[in-house]
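Please open the structure in your viewer, with the sequence panel beside it, and follow the selections below in order.

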Amino acid sequence: MRPRPRTSASRSSSAWRRHPTARAFCAPPPTRCSPACWKRRRRAPGPDPTSPVRPPGPVRQPRPPTSPPHRNTEEHHMSVSAPEQAADLVARLRGTFRTGRTKSLEWRVRQLRQLRALLTEHDKDLAEALYQDLHKGAAEAHAAEIDFPVREIDHTLDNLEDWLYPESLSPEALTGFPEGSTAGTRYDPLGVVLVIAPWNYPAQLFLVPLLGALAAGNAVVAKPSELAPATSCVLARLLPEYLDTDAVAVVEGGIPETTALLEQRFDHIFYTGNGTVGRIVMRAAAEHLTPVTLELGGKSPAFVDRDADLGQTARRLVKAKFQNAGQTCVAPDYVLADPATARALEGELAKAVEEVYGSEPAASPGYGRLVNERHFDRVSALLDSGRTVTGGQCDRATKYIAPTVLAEVSPDAPVMREEIFGPVLPLVEVADLNEAIAFINDRDKPLALYAFTGSWETRRRLAQETSSGGLGFGLPMAHLRVPELPFGGVGASGMGAYHGPYSLATFSHRKAVLDVPLS
């Protein structure tokens with residue numbers, strides 16, 4: 001287990017860092033800086049006018065405009081369906097990494113700024129591709145797939161130099177060592193990493209792990225999902241125009257290409273998707289003892305307490321559950337409530353669906369579609385698992401399933417046997433909080449647990465007596481938008497975490513360094 005990533009706040013608040021022994025260990029981060037400049041940085045905390053990350057002045061200034069480097073990108077649209085082709089690709093990127101080019105702060109910052117430029121200069125191209133793949137409206141496409149990575153890039157640029165700063169131990173930790181000994185840790189890039197993205201958020205879940213790997217100083221092979229072909233095509237076309245193609249490669253394709261890549265030795269594999277493929281990835285990684293991050297999913301419950309504001313609860317549940325037509329790994333999968341609360345919630349949910357999507361959700365510009373017919377067939381087969389409160393309409397030709405709420409759902413109904421990953425919200429009745437906690441704990445650990453309650457005791461018990469990747473009160477899926485919070489699963493919902501400083505920790509090795517004087 002890696003240590004908790006250190007934030008800028010923790011660095012500036014450590015009084016022992018002023019000790020000369022601590023200063024001796026804190027070598028400068030990977031950037032070009034004269035000795036005099038480095039002394040100024042250590043004496044005066046705060047923004048450094050020579051830093052490539054922070055612009056001068058107390059007010060944050062616009063970042064300088066960037067333009068894509070002129071490259072011949074044809075050679076980077078390669079096929080890797082054969083293992084030898086994949087091996088050549090990985091060897092080429094590993095050769096770049098071994099030159100040390102990707103380790104400098106300047107290189108990392110340049111890649112992040114170029115990635116930001118790609119998103120802002122080609123947002124319309126990406127939004128159009130997302131509409132073709134998933135019928136995502138422009139507002140949702142920009143908020144979830146374009147603006148989200150841009151905010152993550154901005155946060156990383158603002159903090160990367162601090163996150164990379166070596167962490168020194170206090171002198172008291174070196175009792176018994178010769179005077180002048182120093183010790184601490186520093187982040188080292190892992191090498192060549194593989195990022196495999198899913199189809200449900202094909203831009204965000206491709207770009208956010210990618211930017212974390214680049215911020216950590218790695219070379220990257222990035223594989224977009226073949227089930228979102230329009231978005232995959234746009235990403236594969238644009239990334240070589242903006243990023244360093246000697247260190248970053250995009251591989252399109254399906255199972256043969258993914259299989260060929262997984263046969264190679266990577267220094268880390270980051271996979272987002274379902275548990276079935278996650279097991280395949282983990283088995284392949286084990287052949288090379290490669291560490292993995294698995295961002296999976298599961299059935300994330302939402303507990304509604306009897307004291308909750310049901311109107312507000314229903315609106316927030318509807319917006320979270322039916323975003324992207326329910327195809328969100330961290331969306332509420334089902335609702336737990338006592339019988340009286342569940343009955344009262346039914347009408348509020350039906351009202352909220354109409355408020356958000358209108359009386360005809362099929363005509364709403366903000367309502368998406370299922371990704372393909374196979375997925376449509378699987379989800380539509382779950383519609384008979386309970387009494388329909390609202391929705392239930394579907395059209396296979398357009399892959400449309402209306403936002404659907406099911407009541408009186410049995411715990412062993414088909415809709416409760418698997419992650420729904422579609423626009424169907426079951427209401428499951430439990431007697432009280434005790435039964436709700438037992439219900440949750442009897443099943444695989446979810447990616448998230450949500451609760452709507454005014455009770456401090458209920459919050460305490462859910463936090464203490466359940467296990468989940470994340471825990472949110474009052475607003476589902478909101479924890480994803482806090483860049484200093486880790487996002488990841490536990491148990492069957494995944495392993496590892498990312499976002500903000502946790503991305504740097506995931507794609508780095510925290511190296512221990514001890515320096516003992518010879519005399």
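The tour goes through a predicted model, beginning with a pair of helices and then turning to a pocket.

Begin by selecting helix H6, residues 123-134, together with helix H7, residues 138-164, whose axes come within 10 Å and cross at roughly 115°. Because angles of 65 to 115 degrees count as roughly perpendicular, H6 is described as roughly perpendicular to H7. If you look at the handedness of this arrangement, the crossing of H6 and H7 is right-handed.

Next, show the side chains where the two helices meet: H6 contributes Asp123, Leu126, Ala127 and Leu130 to the contact, while H7 contributes Ala141, His142, Glu145 and Ile146. Colouring the residues of this contact by class gives five nonpolar, one polar and two charged.

Keep H7 selected and move on to the second largest pocket, which has a volume of about 620 Å³. Which residues of its lining are the closest to the centre of the second largest pocket? Of the 30 lining residues, they are Ala144, Tyr201, Gln323, Met477 and Arg481, and selecting these is a convenient way to centre the view.

Now add helix H8 (204-215) and helix H12 (310-321) to the selection, since each of them, like H7, supplies at least two residues of the lining of the second largest pocket. The largest share of that lining comes from H7, with six residues.

Finally, colour the whole lining of the second largest pocket by class, where you should find 17 nonpolar, seven polar and six charged residues.

Methods
Residues are numbered from 1 along each chain as its sequence is written. This is a predicted model: local features need pLDDT of at least 70, side-chain atom pairs count only at pLDDT 80 or more; totals for chains, interfaces and linings use all residues. Side-chain values use heavy atoms; hydrogens and water are left out. Axes are lines fitted to C-alpha atoms, for helices over the stretch in contact, and angles run from 0 to 180 degrees between N-to-C directions. Helices (H or I, at least four residues) and strands (E, at least two) are DSSP runs, numbered from the N terminus. Angles under 35 degrees count as roughly parallel, over 145 as roughly antiparallel, 65 to 115 as roughly perpendicular and the rest as oblique. A crossing is left-handed if the near helix is turned anticlockwise from the far one by less than a right angle, and right-handed if clockwise. Contact means heavy atoms within 4.5 Å. Ala, Val, Leu, Ile, Met, Phe, Trp, Tyr, Cys and Pro count as nonpolar, Asp, Glu, Lys and Arg as charged, and the others, Gly among them, as polar. On a 1 Å grid over the protein atoms alone, a cavity is a set of points where a 1.4 Å probe fits but cannot get out, and a pocket is an open set with protein on both sides within 12 Å along at least five of seven lines; lining residues have an atom within 4 Å of a point. Grid points are joined across faces, edges and corners, and a volume is the space filled by probe spheres set on the points.
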